[in-house]
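Open your viewer, get a selection box ready, and let us take a walk through the metals, a ligand and a few residues on the way.

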Amino acid sequence: MKTIDLHVHTTKSDGTVPPAEIAPLAMAAGLAAIAVTDHDTVGGLAEAARAGAACGVEVVSGIEFSTGWEHTEIHILGYLFDPESPLLRPALDWVAGDRLGRNQKMAALMRADGIPVTAEELYARYPESTVGRPHFAVKLMERGLADSVADAFRRYLAPGRKYYVRRNYIPFEEAVRVIRAAGGRAVLAHPFQYQYDDVRLRQLLGYCVSAGVEGMECLYSGYTPEQEAYLAALAREYGLFITGGSDFHGGHKPEISIGTGTGNLRVPYTLLEKMKKEE
Ligand code: AMP
Ligand code: FE
Ligand code: FE
Ligand code: ZN
């Protein structure tokens, strides 16, 4: 069976593998296709696709937007859109602008405590990444205020801690709309992450369908065959196509391998074919 992985992060968001090295890694893992789905950015897609063409792995355009529904952070995956589409720009710029404002606020909070740091300095230092809390964590370590990135989060950067500033999320319907406007398909990511019971999950699915979501990520790292079957039945019921991916982040989530997830994940290539075909 030809297998794929439709949920992969690179250094463009919070993964540790650069876009150019993802396809070779997928090839080594025996995958026929991958989708690069960095958080709120398409910045790695061109490079990933180039590397994929060179090593014979199909690279599908992707993105993962953080949005909200009823006070829960919900992730929407976008696939098969045109990464160059100007229709994506306003949404991507809005998210980047929100991040910049938040980074400036976090830096100001730290400066008020005598830690000399600016958001601008971090953007200059990490031109290839989406600057955020992990980069502030490194700064705190360098100042001797934390022993590790995890320690910096625990002490200063987690919700409720001194330097935490919350982000704003683009509206759910806006995320779905721009993905579709750019020629893509919108998919509900990792449905069990929201810790909903059956009733609530069905409410979310009803809302997803009304907003223009067409697929659901039913195969995901750590999901049991029973959970996969439950989600597949829901997908059928709500008229959603099925996708699957590992949520690979490289060294930041070392327990997750590309393609096989925590060991048992197998995503058939036929799911990608269906997503391409289905109207
Ligand atoms: P941000 O996007 O700026 O809110 O930062 C989120 C990123 O920080 C996540 O994607 C993780 O990579 C990292 N992160 C979140 N919580 C922790 C934690 N407790 N320890 C280490 N890294 C974390
Ligand atoms: Fe992530
Ligand atoms: Fe996610
Ligand atoms: Zn993800």
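Which residues coordinate the iron ion (ligand 2)? Select Asp14, His39 and His249: Asp14 coordinates the iron through OD, and the two histidines through NE2, at 2.1 to 2.2 Å. Keep in mind throughout that this is a predicted model. Along the chain, the donor residues of the iron ion (ligand 2) have the spacing D-x24-H-x209-H. Asp14 sits in the loop between S1 and H1 and His249 in the loop between S7 and S8, so this pair ties together parts that are 235 residues apart in sequence. Now colour these two by accessibility. Asp14 is partly exposed, at 31% relative accessible area, while His249 is buried, at 3%.

**Next stop: the zinc ion**

Move on to the zinc ion (ligand 4), which lies 4.6 Å from the iron ion (ligand 2). Show the side chains of His7, His9, Glu64 and Asp247, and you have its coordinating residues: NE2 from each histidine, OE from Glu64 and OD from Asp247, at 2.1 to 2.2 Å. Is the site of this ion regular or irregular? The angles among its 4 donor atoms run from 80 to 171°, and the site is irregular. The spacing of the zinc donors in the chain reads H-x1-H-x54-E-x182-D. Follow the backbone from His9, in the loop between strand S1 (3-8) and helix H1 (19-28), to Asp247, in the loop between strand S7 (241-245) and strand S8 (267-268); the pair ties together parts that are 238 residues apart in sequence. His9 and Asp247 are both buried.

**The other iron**

Keep Glu64 selected and add His75 and His190. These are the protein donors of the iron ion (ligand 3), through OE of Glu64, ND1 of His75 and NE2 of His190, at 2.0 to 2.2 Å. Glu64 is thus on view again, having been named among the residues that coordinate the zinc ion (ligand 4). Draw a distance between the iron ion (ligand 3) and the iron ion (ligand 2), and it should read 5.9 Å. The donor residues of the iron ion (ligand 3) are spaced E-x10-H-x114-H in sequence. Glu64 belongs to strand S3 (residues 58-69) and His190 to the loop between strand S5 (185-188) and helix H8 (198-211), so they tie together parts that are 126 residues apart in sequence. Both Glu64 and His190 are buried.

**Around ligand 1**

Which residues surround ligand 1? Select Asp14, Arg99, Arg102, Gly132, Arg133, Pro134, Val149, Ala150 and Phe153. You have met Asp14 already, as a donor to the iron ion (ligand 2). Turn to the arginines and look for oxygen atoms of ligand 1. One lies 2.7 Å from an N or O atom in the side chain of Arg99, and for the side chain of Arg102 the corresponding distance is 2.8 Å. At Arg133 the contact is with a polar backbone atom, 2.7 Å from an oxygen of the ligand. Taken alone, ligand 1 exposes 500 Å², of which the protein buries 63%.

**Two last selections**

Jump to Cys208, which is buried at 0% relative accessible area. Why is Cys208 not bonded to Cys218? The closest cysteine sulfur to that of Cys208 is in Cys218, but at 12 Å it is too far for a bond. The structure holds 0 disulfides.

Finish at Ala23, in helix H1, where the relative accessible area is 1% and the residue is buried. Its C-alpha atom is 15 Å from that of Thr260, 237 residues away along the chain.

Methods:
Residues are numbered from 1 along each chain as its sequence is written. Chains are lettered from A and ligands numbered from 1 in the order in which they are written. This is a predicted model: local features need pLDDT of at least 70, side-chain atom pairs count only at pLDDT 80 or more; totals for chains, interfaces and linings use all residues. Side-chain values use heavy atoms; hydrogens and water are left out. Donors are N, O and S atoms within 2.8 Å of the metal (3.2 Å for Na, K and Ca); water is not among the atoms, so sites may look incomplete. Four donors count as tetrahedral if all angles lie between 85 and 135 degrees; four count as square planar and six as octahedral if opposite donors are over 155 degrees apart and all others between 65 and 115; anything else is irregular. Helices (H or I, at least four residues) and strands (E, at least two) are DSSP runs, numbered from the N terminus. Buried means under 20% relative accessible area, exposed over 50%, partly exposed in between (1.4 Å probe, protein chains only). A residue is near a molecule or strand if one of its heavy atoms lies within 4 Å of it. A polar contact is a pair of N or O atoms within 3.5 Å; within protein, one must be able to donate a hydrogen and the other to accept it, and residues adjacent in sequence count only if both atoms are side-chain atoms. Accessible areas come from the Shrake-Rupley method with a 1.4 Å probe; for residues, only the protein chains shown count as cover. A disulfide is a pair of cysteine sulfur atoms within 2.5 Å.
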